[in-house]
Amino acid sequence: MSRSLVIKVTAGADAPERCNQAFTVATAAVTAGVEVSLWLTGESAWFAVPGRAETFELEHAAPLQDLLAAVLAAGRVTVCTQCAARRDLAQDDLIDGVRIAGAQTFVEETLQDGAQALVY
């Protein structure tokens, strides 16, 4: 059985340590060859906009743009539909490779055989 990891980030610059932990775990997992789906919800949705991850700062943490790039290269990144709408973000506003999808898709991913969900 193949294992996958679905990670939902509910914080952005408003809770930098929690946000960074999610991105760090997602990057560690893709580096280890795990199938990863990273969901950006709430304030973390802004990091799907070009240039926004570069503005994130947290002492003793890897640059968020590098972590995001690693997940994009080997996994999947999704912005919550409602979170995007509340921020007036459309697909054209996002980094190439990031998709917008809703709760139904999140539930489908988390219920797959071998899936483990983490929420930060």
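Me: I'd like to start in the middle of the fold. Which residues of the largest nonpolar core touch the most other members?

Reply: Phe23, Leu38, Leu40 and Val79 do, in a core of 31 residues. Elements that each supply at least two residues of this core are β1, α1 (16-31), β2, α2, β3 and α3. The largest share comes from α1, with six residues. Keep in mind that this is a predicted model.

Me: Let's zoom in on one of those. What is Leu40 in contact with, leaving aside its neighbours within four places in sequence?

Reply: Contact here means heavy atoms within 4.5 Å. On that basis Leu40 touches Val9, Phe23, Ala45, Phe47, Ala48, Val77, Thr78, Val79 and Cys80. One of these, Val9, also stands opposite Leu40 in β2.

Me: That takes us to the sheet. In what order do the five strands run?

Reply: Read across the open sheet, the order is β4-β3-β2-β1-β5, and the pairing is parallel. β4 and β5 are the edge strands with a single partner each, so one side of each has no neighbour in the sheet. From one strand to the next, the twist averages 25°.

Me: And how do I read the pairing strand by strand? How many bridges join β1 to β2?

Reply: Six, with the two strands running parallel. One pair to click on is Ile7 with its bridge partner Leu38 in β2. Between these strands the chain goes from β1 through α1 to β2, a β-α-β crossover that is right-handed. On the β5 side, β1 pairs in the parallel sense over five bridges. Ser4, for instance, has Ala115 as its bridge partner in β5.

Me: Is β1 mostly covered or mostly open?

Reply: Mostly covered: five of the six residues in β1 are buried. As a general idea, side chains in a regular strand alternate between the two faces of the sheet. As for helices lying over this region, α1 lies across β1, β2 and β5, and runs at about 160° to β1.

Me: What does α2 lie across?

Reply: α2 lies across β2, β3 and β4, with a direction at about 110° to β3.

Me: Now a helix by itself. Which residues of α4 are buried?

Reply: The general idea comes from the helix repeat: with 3.6 residues a turn, residues three or four places apart point the same way. In α4 (residues 103-110), the buried ones are Phe106, Glu109 and Thr110. They cover an arc of only 95° around the axis, so they sit on the same side of α4. Those buried residues pack against β1 (4-9), β2, β3 (76-80), β4 and β5 (115-119).

Me: On to loops. Is Thr41 buried or exposed?

Reply: The cut-off for buried is under 20% relative accessible area. Thr41 comes in at 7%, so Thr41 counts as buried. Thr41 is in the loop between β2 and α2. Skipping neighbours within four places in sequence, Thr41 is in contact with Lys8, Val9, Thr10, Ala11, Cys80 and Cys83. There's a sequence-versus-space example here too: Thr41 and Thr81 are 40 residues apart in sequence, but their C-alpha atoms are 8.8 Å apart.

Me: Where is Pro50 found, and what can I compare?

Reply: Pro50 also belongs to the loop between β2 and α2. For exposed, the cut-off is over 50%, so Pro50, at 52% relative accessibility, counts as exposed. Even so, leaving aside neighbours within four places in sequence, Pro50 is in contact with Asp93, Leu94 and Ile95. From Pro50 to Val77 the C-alpha to C-alpha distance is 14 Å, with their positions 27 residues apart in sequence.

Me: Last one, on backbone angles. What is the phi of His60 near?

Reply: Generally, most residues other than glycine have a negative phi. His60 has a positive one, near 65°. The loop between β2 (35-40) and α2 (64-74) holds His60, and His60 is exposed with a relative accessible area of 79%.

Me: What is the phi of Asp88, and where does that residue sit?

Reply: Asp88 has a positive phi of about 55°, and Asp88 is not a glycine. Asp88 lies in the loop between α3 (81-86) and β4 (98-101). Asp88 is exposed, with a relative accessible area of 70%.

Key: Residues numbered from 1 in each chain as written. Predicted model: local features only at pLDDT ≥ 70, side-chain atom pairs only at ≥ 80, totals over all residues. Heavy atoms only, no water. Helix = DSSP H or I, 4+ residues; strand = E, 2+ residues; numbered from the N terminus. Buried < 20%, exposed > 50% of the residue type's maximum accessible area, 1.4 Å probe, protein only. Arc of directions from axis to C-beta. Core = buried A, V, L, I, M, F, W, Y, C linked by side-chain atoms within 4.5 Å. Pairing = 2+ DSSP bridges. Axes fitted to C-alpha atoms, helices over the stretch in contact; angles between N-to-C directions. Right-handed = clockwise from strand over helix to strand, strands pointing away.
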